[in-house]
Amino acid sequence: MSTEVAFEVKNVAKYYDKVKALDGVSLQAQKGKILGLLGPNGAGKTTLVKVLSTLLLPTKGTAMVMGHDVATEPDKVRQQIGLTGQYAAVDEYLTGLENLQMMGRLYRMSVKDARQRADELIKQFDLEEAAKRPVKTYSGGMKRRIDLAMSLIATPPVIFLDEPTTGLDPRSRLTMWDTVKKLAGGGTTILLTTQYMDEADNLADNIVVIDRGKTIAEGTPDSLKAKVGSDRLEIVIGKKSTVEEAKKIIGGRDVQVDKDKQTVSVASRGGVGKLKEVLSRLERANIEVDSISLHRPTLDDVFMSLTGHTATKDSSTEEAKKKKGKK
Amino acid sequence: MADSEILTEHIDPEAHKNIFWVVNDCWEMTRRSIRHITRSFDQIISLILFPVMFMLLNRYVLGGAIHTGINYANYLFAGIFVQVLAFGANYTTINLAVDLKEGIIDRFKSLPMASSALLIGHITADLVRNLISAFIIIAMGFLVGFRPNASLTDWLLVAGLAVLFSLAISWMSAILGLFVKSLEAAQWIGFVIIFPLTFISSAFVLTSTMPAGLRAFAENQPVTQVINAMRSLLVGTPMGNSGRLAVIWCVGIIAVCAPLAVWVFQRRNR
Ligand SMILES: Nc1ncnc2c1ncn2[C@@H]1O[C@H](COP(=O)(O)OP(=O)(O)OP(=O)(O)O)[C@@H](O)[C@H]1O
Ligand SMILES: [Mg+2]
């Protein structure tokens, strides 16, 4: 029974007056797996999370969670899910502990269970010292942690996390990754949206890349990276006059040159071996090397190669965002 | 699968009847709103300041110029009381608008809780706030010369009517809170509605002194009926139909606004 589907979206579209926030997205997650939803600002990630968590009705298509349709059986779906939205959804006047206990009761746990789970989560998320202070007084990272803890209180089988690490410092980010991995290890199915390739790479069993409401790629992290291209080796050449020669010496199909920056770059599929080889060849040819560095493909590279436009500077979605903000 | 057994062990809605959980949800939401009252400095200040200010200003600034046939403190009390109750309901509009603006509404809506619980929580908190205001108003009233001749039964009837009126106006305010687009709007819209409603009434002056159009409105709107009924119970002015009409108005408003508010809330932006 390892291929049981935890949630499934079929051809879901959500249209607003002028914006197609989602325009026919389909995806599926097996029980106990982490599905990464990757996309730039305005791609439709939050909209999809809201559809799955019964907050928005899709204009078209269907979404099922644990066998229940979000449109017709929202109450059944709500029993099965935990949601951590993009923006902290914590009651600022209540203490961390009170927030957790309230959530437990609203999830219809017994008073005793709610108390016990709240205490557990406070410990797990390292908030003991702040547990009895109003959340108002928490730092951004602490708020994010209590926010996540709140969606875990009833240990629901499906959890939606909308950009859970945006705004966290590197350490908290790693702690969050750890938590997410542990959850999945315990059998929870997770949908995690992110703008970071490395996050999806690290956590997700499967990745769906969306842009402007449409799926543009999907697959395992490895298969996606293979599509985008591998890490690149960037060599800054000492003398401008030798750049062309360096290119010939390094060779290969996908070698690229930037004359202004005196840089030659090449796919580094061979890892360290490739690095050594390139350096020794250049040395033999007496070409001076200023510096050498390894670049991992960024989300921008992914988008560049998949869509032909970059992820972050997308004027049309930016404009749509502004309009939304004005309202 | 063994895993999913562990996962759902905490959630057991079947352990109680559905109605138990609806009451539980309302209680949790009410408790949350009440904690907001005690932990928010603004709310506490306005809770004390409004009744004191209204009572003193009307009694001493306007009181000398107004003739109502009876001791003005006795006339004024019911008016100020109802006005303060009405203004208190503005908190439902504001607090609801705050909730809707922040992410927490998404969280609540994604939970298996009864969807009306959030509204009921805010409205019950209004009732608690108004109860506190009521004690302050009564104390202030006695300070400025209010001398009721009401029996215990009369006081109980006044309390009942106050609760009914508070609920009616809070449900109305809840609908406003669901529609306003911003916090600023939430603040002024309540005033824009409640100021005229309480001023064009028998709260501060006899309606017979008003120009014909205003008078017609004043004498046929719910706030006047509630005030007249309370005044009659407290200081023995003529009751007429006002008691019956006040109850009919309040019950009518609740019967229309409560289901409407819940309906709007459930369908909002889905
Ligand atoms: N209520 C709304 N009315 C109109 N347009 C909307 C509304 N909500 C979202 N949109 C639009 O839908 C598109 C997708 O929005 P969404 O919030 O799902 O993006 P996102 O992928 O979560 O972006 P981000 O990374 O910035 O959070 C955007 O262009 C947005 O402006
Ligand atoms: Mg988003």
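Two strands pair if DSSP finds at least two bridges between them, and the strands themselves are DSSP runs (E, at least two residues), as are the helices (H or I, at least four residues), with numbering from the N terminus. This is a predicted model, in which local features need pLDDT of at least 70, side-chain atom pairs count only at pLDDT 80 or more, and totals for chains, interfaces and linings use all residues. Residues are numbered from 1 along each chain as its sequence is written, chains are lettered from A and ligands numbered from 1 in the order in which they are written, and side-chain values use heavy atoms, with hydrogens and water left out.

**Exercise 1. Work out the order of the strands in the open sheet of chain A that contains strand 2 and strand 5.**

Begin with strand 1 (residues 5–15) of chain A, which runs antiparallel to strand 2 (residues 20–30) and is joined to strand 2 by eight bridges. The connection between strand 1 and strand 2 is a hairpin of four residues. One of the bridges links A:Y15 to A:K20 in strand 2.

Next, turn to strand 4 (residues 60–65) of chain A, which is antiparallel to strand 1 and shares five bridges with strand 1. A:V9 shows both pairings, since the bridge partner of A:V9 in strand 2 is A:L27, while in strand 4 the bridge partner of A:V9 is A:A63.

Finally, put the strands together: four strands of chain A form an open sheet in the order 2-1-4-5, with antiparallel pairing. Strand 2 and strand 5 (68–69) stand at the edges, and because each has a single partner strand, one side of each is left without a neighbour in the sheet.

**Exercise 2. Describe the two chains by their helices, strands, buried residues and surface.**

Take the elements before the areas. Chain A has twelve helices and 14 strands, whereas chain B has twelve helices and zero strands. The C-alpha trace of chain B spans about 80 × 40 × 35 Å along its principal axes.

For burial, a residue is buried under 20% relative accessible area, exposed over 50%, and partly exposed in between (1.4 Å probe, protein chains only). Of the 327 residues in chain A, 49% are buried, and of the 270 residues of chain B, 51% count as buried.

For the surface, accessible areas come from the Shrake-Rupley method with a 1.4 Å probe. Chain A exposes about 15600 Å², with carbon and sulfur atoms supplying 50% of that area, while the accessible surface of chain B comes to about 12100 Å², of which 69% belongs to carbon and sulfur atoms.

Chain A can also be divided, by an automatic or database domain assignment, into domain 1 (5–226) and domain 2 (230–296). The C-alpha centres of these two domains of chain A lie 43 Å apart.

**Exercise 3. Locate B:R147 and list what this residue touches.**

First find the loop between helix 7 (117–143) and helix 8 (152–179) of chain B, where B:R147 is found. Then look for contacts, meaning heavy atoms within 4.5 Å: leaving aside residues up to four places away in sequence, B:R147 touches B:N74, B:F142 and B:V235. A polar atom of the B:R147 side chain lies 3.1 Å from the backbone oxygen of B:F142. B:N71, although 76 residues away in sequence, has its C-alpha 9.0 Å from that of B:R147.

**Exercise 4. Find how many disulfides the structure holds, and examine B:C26 and B:C250.**

A disulfide is a pair of cysteine sulfur atoms within 2.5 Å, and over all chains the structure holds zero of them. B:C26 is in no disulfide, the nearest cysteine sulfur being that of B:C257, 18 Å away. B:C26 counts as buried because its relative accessibility is 12%. The sulfur of B:C250 is 11 Å from the closest cysteine sulfur, in B:C257, which is too far for a bond. B:C250 is also buried, with a relative accessible area of 2%.

**Exercise 5. Compare the loop residues A:E163 and A:R212, which have positive phi.**

Recall that most residues other than glycine have a negative phi. A:E163 has a phi near 45° and lies in the loop between strand 7 (158–162) and helix 6 (170–185) of chain A. For A:R212, which is not a glycine, phi is about 50°, and this residue is found in the loop between strand 9 (206–211) and strand 10 (214–219) of chain A. A:E163 counts as buried at 4% relative accessibility, whereas A:R212 counts as partly exposed at 40%.

Key:
A polar contact is a pair of N or O atoms within 3.5 Å; within protein, one must be able to donate a hydrogen and the other to accept it, and residues adjacent in sequence count only if both atoms are side-chain atoms.
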